[in-house]
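Welcome! Take a moment to look over the structure below, and then we can walk through some of its side-chain contacts together.

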Amino acid sequence: MISYDLADGVATITLDDGRANALSPAMQEAINETLDRATADDAAVVLAGRDGRFSAGFDLSVMSQGGQAVVDMVIGGFDLSLRLLEWPRPVVAACTGHAMAMGAFLLLSCDERVAADGPFKIAANEVSIGMTMPHTAVALMRMRLTPPAFQRSAILSETFDPQSAVTAGYLDRIVAPEQVLAEAQSRAAAFLALDARAHRDTKGRVRAPGLDAMRAARDTDRAELTALFA
């Protein structure tokens, strides 16, 4: 489900469940375990998907079952976003293909996003599948997307290709699919030249208002989801 490789101060975490890289409770647990390893290694992080698929978002089979598992999975996903947004070292996404819903939110949680060129979809598609956008997702999109793209993404479930996703704020650079992982690793390694303390403290200052908004929104989401599912 997940592999971990450490080289030259960069921890590459690759998601590959052989399918859609759904962010199930098990996948979230595995990601957090590898992030614990990266913490111990004091590493920059590259978060990568499998060929053609970064992540399809939350596991819909868990969503359909209802119960506390839904609450735990959704809140766990946003806790993961917060963890990446606050990571003391640089975090680079290697977006290897489609990124939908929580998969797109993971892109918004990384410092830089390198993506594969191709017919791939990037979207926060909750409204299009009948789900009201979670408060935490709204706070995250407001922080990282351009204002027009934020409105279109959240309210209209607009789907972006890699090129338009750069303009919107989901991605930063596009390369050939076979170059995505190497480019992301190269960027992460280059960012390690930044002063570690200054990077960490400045990231905290820049993102403090958005992170505070996300935490408050997460608490609201937890209460609403608990009332609906638990």
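Which residues are linked with Asp79 in a network of salt bridges? They are Arg218, Asp219 and Arg222. Keep in mind as you read on that this is a predicted model.

**Charged pairs**

Side chains of opposite charge can pair when their charged atoms come close. In the whole structure, a search finds 17 salt bridges. Three of them are listed here, each with its distance from N to O.

| Pair | N to O distance |
|---|---|
| Arg215 and Glu86 | 2.3 Å |
| Asp172 and Arg113 | 2.6 Å |
| Arg215 and Asp212 | 3.7 Å |

Let's begin with Arg215, whose side chain meets that of Glu86 in a salt bridge. This pair links distant parts of the chain, 129 residues apart: Arg215 belongs to helix α9 (residues 196–229), while Glu86 sits in the loop between α3 (68–85) and β5 (91–95). Arg215 is partly exposed, because its relative accessibility is 27%. Glu86 is partly exposed too, with a relative accessible area of 39%.

Arg215 also forms a salt bridge with Asp212. Here the partners are 3 residues apart in helix α9, so about one helical turn separates them.

Now turn to Asp172 and Arg113, which form a salt bridge as well. Asp172 is found in the loop between α7 (162–168) and β10 (173–175), and Arg113 in strand β7 (residues 112–116), so this pair ties together parts that are 59 residues apart in sequence. Is Arg113 buried or exposed? Arg113 counts as buried, at 3% relative accessibility, whereas Asp172 counts as partly exposed, at 35%.

**Aromatic rings**

The count of aromatic pairs comes to 3. In one of these pairs, the rings of Phe58 and Phe78 have their planes at 90° and their centres 6.3 Å apart, so the arrangement is edge-to-face. Because Phe58 lies in the loop between β4 (52–55) and α2 (60–65) and Phe78 in helix α3, the pair ties together parts that are 20 residues apart in sequence. Both partners are buried: Phe58 has a relative accessible area of 14%, and Phe78 has a relative accessibility of 0%.

Phe78 forms an aromatic pair with Phe105 as well, and this one is tilted, with 35° between the planes and 6.3 Å from centre to centre. Phe105 lies in helix α4 (residues 102–108) and Phe78 in helix α3, so the pair ties together parts that are 27 residues apart in sequence. Phe105 counts as buried, at 0% relative accessibility. Ring pairs thus join Phe58, Phe78 and Phe105 into a cluster.

Definitions and conventions
Residues are numbered from 1 along each chain as its sequence is written. This is a predicted model: local features need pLDDT of at least 70, side-chain atom pairs count only at pLDDT 80 or more; totals for chains, interfaces and linings use all residues. Side-chain values use heavy atoms; hydrogens and water are left out. A salt bridge is a side-chain nitrogen of Lys or Arg within 4 Å of a carboxyl oxygen of Asp or Glu. Helices (H or I, at least four residues) and strands (E, at least two) are DSSP runs, numbered from the N terminus. Buried means under 20% relative accessible area, exposed over 50%, partly exposed in between (1.4 Å probe, protein chains only). Rings of Phe, Tyr and Trp (its six-membered ring) pair if their centres lie within 6.5 Å; planes under 30 degrees apart count as stacked, over 60 as edge-to-face and the rest as tilted.
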